[in-house]
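Biologist: Could you take me through the enclosed empty space in this one? I'd like a close look at that part alone.

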Amino acid sequence: TGAIGLYNLGQSCCLNSLLQVFLMNIHFTGILRRITVPPCAVQRRRNVPYQMLLLLEKMQCGKCKAVHPIELACCLSAHRVELFVQHDGAQLFLDLWNLIKRQMKKLELVEELRNLYTICIQEHLACQNCSFEIKSNSSMLTLPLPVLDSSSHRLKTLEDCLKYFFYPEELTGQNMCFCQECGKKTPFLQSMKLIHLPQTLTIHLKRFCFEESSNTHKLSHYLPFPQNLDFSAVLTEDQIQADDNEKATWQYGLFAVVAHSGSPSCGHYCTYIRSLTECKWYCFNDSEVCQVSWDDVKCTYGHSNLLWGETAYLLIYMKKHP
């Protein structure tokens, strides 16, 4: 069916959720199937892409409802991805992606992997006293969206979070920058503009924040996100640095939601994924997999009064017309 669970090895719910997101993505598995198989047994045991490929084949060939990802977990442990601990979903996603990229030998596959996931941004600094400007391009694997504004007010929708992320910020007072033209520190306007969006776009909702007591606090308030998202309609022209051909590809459909329940120190992950072959939603909760409705997925919008309720943490969108 393509919907096979993964047994929990001991606090491995975060790893299981992310593995399902990777392996249910046919664009990613299309790259994975073309990797170079390491020549010796020791290298194969330590190669993350190869162990992911073996797990994929075990999931597709097996007749049981779930499989044990033991070999892959041991492989990750050899690369300092700790087992039997609470992981942060956003950080573990970055760790997994970088391990996969580092161990792929074919340069064309590395480039395809980058193109599949990498977001391109232009960072812009402009002196408010003169015409001095600094522009630099950078890339990121996730779009880290705040769910509160600078006054700690709750942002109401995913679209509001996107607009706020790209909204210019005035750097004044202690945050002023040195201007080469003025020869002194001056107020600057800092902004980011969107250049390129990948086929598979990962959005990180920053629901974990630090308090003055140094404890991590979870922001569980209601934040709806759409099934269909057009970035060129959400952002203004001032927030975009792309031509019309690029913007024409910025129409996305929701592919997966990695949800977190519980507190930052004691929680659980599961993931909701829309099958690309059946167009049906499934909930992957470790070894348990069941078909669900869009209304079930919307339950991850959040609710401040439900501490243990599921709250969307990572949103994975896919281009409709790549």
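**Cavities and their linings**

Modeller: Start with the largest cavity: 14 residues line it, and S12, L15, E82, L83 and F84 are the ones nearest its centre. This is a predicted model, where local features need pLDDT of at least 70, side-chain atom pairs count only at pLDDT 80 or more, and totals for chains, interfaces and linings use all residues. Residues are numbered from 1 along each chain as its sequence is written, and side-chain values use heavy atoms, leaving out hydrogens and water. A cavity here is a set of points on a 1 Å grid over the protein atoms alone where a 1.4 Å probe fits but cannot get out, and its lining residues have an atom within 4 Å of a point.

The largest cavity holds about 90 Å³ (the space filled by probe spheres set on points joined across faces, edges and corners). Its lining breaks down into nine nonpolar, four polar and one charged residues (Ala, Val, Leu, Ile, Met, Phe, Trp, Tyr, Cys and Pro are nonpolar, Asp, Glu, Lys and Arg charged, the others, Gly among them, polar).

In all, there are two cavities of 30 Å³ or more. The second largest has about 70 Å³ of space, and around it sit L18, V21, F22, N25, F93, Y117, T200, T202, F255, V258, L314 and I316. Two or more lining residues come from each of α1 (13-23), β10 (200-206), β14 (251-262) and β18 (311-319); these are DSSP runs numbered from the N terminus, helices (H or I) of at least four residues and strands (E) of at least two. Helix α1 gives the most, three residues. By class, this second lining has nine nonpolar, three polar and no charged residues.

Notes. 1 Å grid on protein atoms, 1.4 Å probe; cavity = no way out; pocket = protein on both sides within 12 Å on 5 of 7 lines; lining within 4 Å.
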